[in-house]
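This report concerns one nonpolar core, one buried loop residue and one nonpolar surface patch. Please examine the sequence and structure shown below.

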Amino acid sequence: MGTVITAVVLTVWFIVSAAGQLTVPRGLLDRLRLWDIFGIIPNYRFFAPRPVQHDYHLLMRTAGPSGEFGPWNQVAGPPERRWWHVVWNPDRRVFKGLSDVMSVAHRFDVQKPRAVQVSLPYLAILTYVTAAAAQDPDACEVQFVLAISHGVLSDESPNVVFKSGRHRLGESR
């Protein structure tokens, strides 16, 4: 009898632990965590030196020969979660690298625009955005925005934390 009870408890704990890592309705998980007085429902974001607090979004827009910018388009942001990402998520490393650069860029000192424009994070983001803008044959200029949101379960829209200046695209495209 003790073996059956132990198996049931461990099975329920495993299911709740797995659900805690997925995108489940926030209210349900919050109610479960209220009863978790011993902290046995894990949250695996604690492995990071500084736990993730924001999702970063990189948006860009291009201007054609007339000089008027089009609409903002997201070129990088938190990837949509799929069930198979538990085992296979090859794009995770690409977004993680860009996310790390954006987390440093998030702290740009906008009072010193010249220093910002020659910083490595700015140049890395500009290179990424310029490569994306090169797909549009009519694009002559590009501009990007860095925004943060508070996770996929948040109802708040992303907040803009940095907006670049206009950058002309090279003639060698």
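The account begins with the basis of the model and then turns to the core, the loops and the surface.

The model is predicted: local features need pLDDT of at least 70, side-chain atom pairs count only at pLDDT 80 or more, and totals for chains, interfaces and linings use all residues. Residues are numbered from 1 along each chain as its sequence is written, and side-chain values use heavy atoms, with hydrogens and water left out.

The largest nonpolar core (buried Ala, Val, Leu, Ile, Met, Phe, Trp, Tyr and Cys residues joined through side-chain atoms within 4.5 Å) has 19 residues, of which Leu58, Met102, Val129, Val142 and Phe144 touch the most other members. Two or more residues each come from E1, helix H3 (92-105), helix H5 (120-133) and strand E3 (141-149). H5 gives the largest share, five residues. Helices (H or I, at least four residues) and strands (E, at least two) are DSSP runs, numbered from the N terminus.

Contact means heavy atoms within 4.5 Å. Beyond four places in sequence, Phe144 touches residues including Leu58, Trp72, Val129 and Ser164. The side chain of Ser164 reaches the backbone nitrogen of Phe144 at 2.9 Å.

Two loop residues are set out here; buried means under 20% relative accessible area, exposed over 50%, and partly exposed in between (1.4 Å probe, protein chains only).

| Residue | Loop between | Relative accessibility |
|---|---|---|
| Ser164 | strand E4 (159-163) and strand E5 (167-168) | 4%, buried |
| Ile37 | helix H2 (26-35) and strand E1 (55-63) | 68%, exposed |

Ile37 also belongs, with Leu10, Trp13, Phe38 and Ile40, to a nonpolar surface patch of about 600 Å². Such patches are made of residues with over 30% relative accessible area and no salt bridge (a side-chain nitrogen of Lys or Arg within 4 Å of a carboxyl oxygen of Asp or Glu), nonpolar side chains being joined within 5 Å and like charges within 9 Å.

Notes
Accessible areas come from the Shrake-Rupley method with a 1.4 Å probe; for residues, only the protein chains shown count as cover. A polar contact is a pair of N or O atoms within 3.5 Å; within protein, one must be able to donate a hydrogen and the other to accept it, and residues adjacent in sequence count only if both atoms are side-chain atoms.
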